[in-house]
Amino acid sequence: MNLKYQKLYFKKLGKKDIKPYDLLLLADPSKKMVDEYLTRSEVFIAEHKKYTLGIIVLCPLTKETLEIKNLAVSPVFQGQGVGSFLINNAIKFANSTQQKSICIGTANSSILQIYLYQKLGFELSGIKKGFFTENYPEPIYENGIQAIDMLVFEKILK
Ligand code: ACO
């Protein structure tokens, strides 16, 4: 299905709603870590005709900053603007809850994500050295590069 001109909905999932783990584990291979941050996060999906196309998980980092802990789009719908739709709606949500900033971390190897976040107005604000080698049991490779450090991108809100 081509999503051009299709109406997408940004929908909040309730605490008791079933979470789409196939999507959550696309962005974060550690179910243990996903389950840990889901307990203290708000979860939103991009929905089209009752079909879940993508997910975004927002967790308070401080009183003034929300962190996007997990962002994933179903592989068949990637590259059609769903990820941008989720991030732009997360920014609106953060603004509506009087946050001062919103941030997202990604691996040094995640080339598409590094491009996308900067395109949407996020700026590099920090590096967590060795995050992926220290927190994940198996080495992770993307684009022929090992995921070693976490790059943190932040967008200051108006
Ligand atoms: N797939 C998708 N987008 C591509 C590709 C590709 N193979 N190649 C290039 N792009 C471009 C798109 O053209 C677009 O750029 P443009 O706006 O200049 O045309 C941009 O990259 C992608 O934009 P969207 O379509 O809005 O993003 P998408 O819906 O594909 O979602 C996401 C991006 C969430 C990263 C998705 O690819 C995905 O789920 N990846 C796997 C999981 C993942 O890595 N999640 C992020 C981990 S970090 C975290 O969770 C905190």
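Student: In what order do the elements of the protein chain run from the N terminus on?

Tutor: Reading a fold starts with listing helices and strands in order. In this predicted model, the order from the N terminus is β-α-α-β-β-β-α-β-α-β-α-β-β-β. That makes five helices and nine strands in the protein chain.

Student: And how do I read the overall shape? What radius of gyration does the protein chain have?

Tutor: You set the value beside what a compact globule would give. For 158 residues such a globule would have a radius of gyration near 15 Å, and the protein chain has 15 Å, so the two agree. Along its principal axes, the C-alpha trace spans about 40 × 35 × 30 Å. As for what is hidden, 44% of the 158 residues count as buried. The chain exposes about 9300 Å², and 56% of that comes from carbon and sulfur atoms.

Student: How much of the contact pattern comes from residues 24 or more positions apart?

Tutor: Take the contacts with a separation of 6 or more: residues 24 or more positions apart account for 66% of them.

Student: Now the inside. Which residues have the most contacts in the largest nonpolar core?

Tutor: General idea to begin with: in soluble globular proteins, nonpolar side chains tend to be buried together. Here the largest nonpolar core has 29 residues, and Ile56, Ile87, Ile102 and Phe122 have the most contacts inside it. Several elements supply at least two residues each, among them β2 (42–48), β3 (51–60), β4 (65–73) and β5 (101–107). Helices α3 (82–96) and α4 (111–119) do so as well, and so does β9 (150–156). The largest share, seven residues, comes from α3.

Student: Can we zoom in on one core residue? What is Ile87 in contact with?

Tutor: Skip the neighbours within four places in sequence, and Ile87 is in contact with Ile56, Leu71, Leu116, Tyr117, Leu120 and Phe122. There is also a second, separate core of 11 residues, including Leu13, Tyr37, Val57 and Ala72.

Student: How do I read a helix, say α2? Which of its residues are buried?

Tutor: Look at which way the buried residues point around the axis. Helix α2 covers residues 31–38, and its buried residues are Val34, Tyr37 and Leu38. Seen down the axis of α2, these fall within an arc of 105 degrees, so they line one face of the helix. The cover over them includes α1 (21–27), β2, β3 and β4.

Student: Let's try a strand residue. Is Glu123 buried or exposed?

Tutor: Exposed: Glu123 has 59% relative accessibility, and the cut-off for that label is over 50%. Glu123 sits in strand β6 (residues 123–128). An exposed residue can still have partners from elsewhere in the chain: leaving out residues up to four places away in sequence, Glu123 touches Val152, Phe153 and Glu154. Glu123 and Phe153 are 30 residues apart along the chain, yet their C-alpha atoms are separated by 5.1 Å.

Student: Last one, cysteines. How many disulfides does the structure hold?

Tutor: Zero. The check is the distance between sulfur atoms, which has to be within 2.5 Å for a disulfide. For Cys59, the closest cysteine sulfur is that of Cys103, at 9.7 Å, too far for a bond.

Student: And are Cys59 and Cys103 buried or exposed?

Tutor: Cys59 is buried, with a relative accessible area of 1%. Cys103 is buried too, at 5%.

Technical notes: Residues are numbered from 1 along each chain as its sequence is written. This is a predicted model: local features need pLDDT of at least 70, side-chain atom pairs count only at pLDDT 80 or more; totals for chains, interfaces and linings use all residues. Side-chain values use heavy atoms; hydrogens and water are left out. A nonpolar core is a set of buried Ala, Val, Leu, Ile, Met, Phe, Trp, Tyr and Cys residues joined through side-chain atoms within 4.5 Å. Buried means under 20% relative accessible area, exposed over 50%, partly exposed in between (1.4 Å probe, protein chains only). Helices (H or I, at least four residues) and strands (E, at least two) are DSSP runs, numbered from the N terminus. Contact means heavy atoms within 4.5 Å. The arc is that of the directions from the helix axis to the C-beta atoms. The radius of gyration is taken over C-alpha atoms; the globule rule is 2.2 Å times the number of residues to the power 0.38. Accessible areas come from the Shrake-Rupley method with a 1.4 Å probe; for residues, only the protein chains shown count as cover.
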